[in-house]
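Me: I've got a model open and want to talk through its aromatic rings. Can you take my questions one at a time?

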Amino acid sequence: MTRRDAISLAEVAARDNLLLATWKAARGKRERPAVARFLDDLDARLAMLGRDILEERAPAGDFRRFTIHDPKRRVITAACFADRVLHHAILNLAEPRFERMLVDGCHACRPGKGVHAAVREVQQNLRCWPWFVKVDVDGYFPSIDHVLLKDLLARRFKGAGFLALLGRIIDAGAADTPGRGLPIGALTSQHFANAYLDAADRMLLAHAGVRAHVRYMDDIVWWCPSRAAALASLDELRAFLWRERKLVLKPAVCLGRSTQGLAFCGFRIRPGEVFASARKLSRYRAGLARVQAALSSGQASPLQAQRAYDALLATLTGAQTLGFRRRLGGGGDAGACSPSVLGCE
């Protein structure tokens, strides 16, 4: 039997835990009005949040929803700041258990992993195995079944109050269909969604025809020694996802030879090279223009502009983009807003 971690509401509501959660939630956002109001009255706000947790009134369930096109339409749900603090307070205690339940090939929203680690692992596997299959789940976050998710969490954690708190957070995120869906943008949603597909990861890795596997949230790619093995494993994954998680794959499945490479996490990855996608390059170009405009108008100091540029450049880590950046920068290091301000790599 899987060992369950015991977490109590008193641990979640402990002032030290809530204080740590506040600083995590406020990082880089202290100038926002809602965050500033919370910090200006910190002791009273933390005391109120602690009481709400202990008396099982949390979360507040106040959301702000807005739509982005990334490039497809997504509805982002931003929780109120008190609920974001609550999410961090929960993850301060629960994240180690979430980490232990995941396989190494799962890369989204995990310390020490992320997009660039996933890209490196994909490239390594392209060099090792001849066939790959790449899929993603159709409408993943809106399709997550609450009953199945709560059952999964109850097999990993114990503490009636804590599980009831997780249940209220899950229920609060059902925007359109009662009993289904997690809000995109919530910290807890990221961890719940990672855990929801862990059984599918393990099913693939246990399949006789699968040699390697990488997942970034609901984007999954795996490698096989033959086309027949790839097709067989794809059929089994489809059946498993519907039977165990009430999920379906998008019709557009990519099955091919590793020598041709594949697109994953905004990069075009081949056995010997990695390129950034056109969309990622467009985002870099737009971000660079914003940094240059902020510097020119005095809205950003040279140090702030340098930091913003460094963060922008980090999105292209591992990709062959030097020529693009030089063209964009007019011949020098493409990233520099000004050679005297933003130094060369």
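Me: What lies over the face of Trp242?

Reply: Lys246 does, at 5.4 Å from the ring centre. Bear in mind that this is a predicted model.

Me: And what makes Arg245 count as sitting over the ring of Tyr196?

Reply: The charged end of Arg245 is 5.0 Å from the centre of the Tyr196 ring, and the cut-off for the distance is 6 Å, with a limit of 35 degrees from the ring normal as well.

Me: How many aromatic pairs does a search of the whole structure find?

Reply: Six aromatic pairs turn up.

Me: Why is the pair of Phe98 and Phe192 called tilted?

Reply: Their centres are 6.2 Å apart, inside the 6.5 Å limit, and the planes meet at 50°, which is neither under 30 nor over 60 degrees, so the pair is tilted.

Me: What makes this pair a tie between parts that are 94 residues apart in sequence?

Reply: Phe98 belongs to helix H5 (residues 81-101), while Phe192 belongs to helix H10 (residues 187-196), so the pair ties those parts together. Both Phe98 and Phe192 are buried. Ring pairs also link them with Phe157 and Phe162 into a cluster.

Me: Why do Tyr140 and Phe141 count as edge-to-face?

Reply: Their planes are at 80°, over the 60 degree cut-off, and the centres are 5.6 Å apart, so edge-to-face it is.

Me: How do you know whether Tyr140 is buried or exposed?

Reply: Tyr140 has 3% relative accessibility, under the 20% cut-off, so it counts as buried. Phe141, at 13%, is under 20% too, so Phe141 is buried.

Methods: Residues are numbered from 1 along each chain as its sequence is written. This is a predicted model: local features need pLDDT of at least 70, side-chain atom pairs count only at pLDDT 80 or more; totals for chains, interfaces and linings use all residues. Side-chain values use heavy atoms; hydrogens and water are left out. Helices (H or I, at least four residues) and strands (E, at least two) are DSSP runs, numbered from the N terminus. Buried means under 20% relative accessible area, exposed over 50%, partly exposed in between (1.4 Å probe, protein chains only).
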